[in-house]
Amino acid sequence: MHLDEMLEFNKQFVENKQYTAYKTDTYPNKRMIVFTCMDSRLVELLHKALNIQNGDVKMVKNAGAIIRKPFDSIMKSILVAVFNLKAEEVVVIGHHNCGMSNVDTEALKKTMINRGIDEEKINTLTHSGISLDEEFHGFETVEESVMQSVGIIRNHPLLPKEVKVHGLVINPDTGKVDIVTKE
């Protein structure tokens, strides 16, 4: 089991005091929040490609770097970082070849059922006003998706006007970053 391997490594990590190389405080050195996708290709690549060191930014992630609702948990994290953790800038970073692009929600529902989710549960959610199509649909272009998330953040009624919000797209193969929008 991978968790057991990780826990054994952690035990040695702590015993050997390897954590000392990563000591920092709770405030981001670059006064920045990076909101990006949870894609495993970006775990180290994004940091290396943008010279982000431990303690430099507050990192917030979800599937696709998508914000659809102005009061979801991502926006709450961004606002807490701005008001309590001294962040002054937000960067939304999408990536090419994202798993959330063009999600087939019907195929997703079939996979859920095949993995043991009772179809009646899905129907109950649908009849309760929860649309799996709305909740799980992805996007056609990463640039449009980044602009949508940037727009929600920039226009949030609780975000101070002086907080800059930018949008980037990274290539998960090369680390090349392109600007979608910059304030």
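**Entry 1: Thr 36 and its strand**

I looked up the partner of Thr 36 in this predicted model and found that Lys 61 of strand 2 is its bridge partner. I then followed the chain between the two strands: it leaves strand 1, passes through helix 2 (residues 42-49) and arrives at strand 2, and this β-α-β crossover is right-handed. Strand 2 covers residues 57-62, and I noted 6 bridges in its parallel pairing with strand 1.

Next I looked for a partner in strand 3 and recorded that Ile 93 stands opposite Thr 36 there. Strand 3 (residues 89-95) runs parallel to strand 1, and 5 bridges join them.

Is strand 1 enclosed or open? I checked the accessibility of residues 32-37. Because 6 of the 6 residues are buried, I entered strand 1 as largely enclosed by the rest of the structure.

**Entry 2: From strand 3 to strand 5**

I continued from strand 3 to strand 4 and found a parallel pairing with 7 bridges. For Glu 89, I noted Lys 164 as the bridge partner in strand 4. Strand 4 spans residues 164-170, and I recorded 6 of its 7 residues as buried, which leaves the strand mostly covered.

In which sense do strand 4 and strand 5 run? I found them antiparallel, joined by 4 bridges, with strand 5 at residues 177-181. Ile 170 has Val 177 of strand 5 as its bridge partner. The hairpin formed by strand 4 and strand 5 has 6 residues between the strands, and in it I noted Gly 175 with a positive phi near 85 degrees.

**Entry 3: Positive phi elsewhere**

I looked for further positive phi values and compared two residues that are not glycine. Ala 65 has a phi of about 55 degrees and is placed in the loop between strand 2 and helix 3 (73-84). Asn 97 has a phi near 60 degrees and belongs to the loop between strand 3 and helix 4 (105-114).

Which of the two is buried, and which is exposed? The relative accessible area of Ala 65 is 2%, so I entered Ala 65 as buried. For Asn 97 I read 57%, and therefore entered Asn 97 as exposed.

I also recorded a glycine: Gly 129, just after helix 5, takes a positive phi of about 95 degrees.

**Entry 4: Two aspartates and backbone nitrogens**

I looked up Asp 39, which sits in the loop between strand 1 and helix 2. Its relative accessible area is 15%. The cut-off for buried is under 20%, so Asp 39 counts as buried. What does the side chain of Asp 39 reach? I found the backbone nitrogen of Arg 41 at 2.7 Å.

I then turned to the start of helix 5 (residues 119-127). There, a side-chain oxygen of Asp 118 comes to within 3.0 Å of the backbone nitrogen of Glu 120.

**Entry 5: A nonpolar patch**

I looked up which residues make the nonpolar surface patch of about 480 Å², and listed Met 1, Leu 3, Met 6 and Leu 7. Leu 3 is part of helix 1 (residues 2-15). I noted the general rule that an α-helix has 3.6 residues a turn, so residues three or four places apart point the same way.

How accessible is Leu 3? I read a relative accessibility of 47%, so I entered Leu 3 as partly exposed.

Conventions:
Residues are numbered from 1 along each chain as its sequence is written. This is a predicted model: local features need pLDDT of at least 70, side-chain atom pairs count only at pLDDT 80 or more; totals for chains, interfaces and linings use all residues. Side-chain values use heavy atoms; hydrogens and water are left out. Buried means under 20% relative accessible area, exposed over 50%, partly exposed in between (1.4 Å probe, protein chains only). Two strands pair if DSSP finds at least two bridges between them. A crossover is right-handed if, with the strands pointing away from the viewer, the path from the first strand over the helix to the second runs clockwise. Patches are made of residues with over 30% relative accessible area and no salt bridge: like charges are joined within 9 Å, nonpolar side chains (Val, Leu, Ile, Met, Phe, Trp, Tyr) within 5 Å. Accessible areas come from the Shrake-Rupley method with a 1.4 Å probe; for residues, only the protein chains shown count as cover. A salt bridge is a side-chain nitrogen of Lys or Arg within 4 Å of a carboxyl oxygen of Asp or Glu. A polar contact is a pair of N or O atoms within 3.5 Å; within protein, one must be able to donate a hydrogen and the other to accept it, and residues adjacent in sequence count only if both atoms are side-chain atoms.
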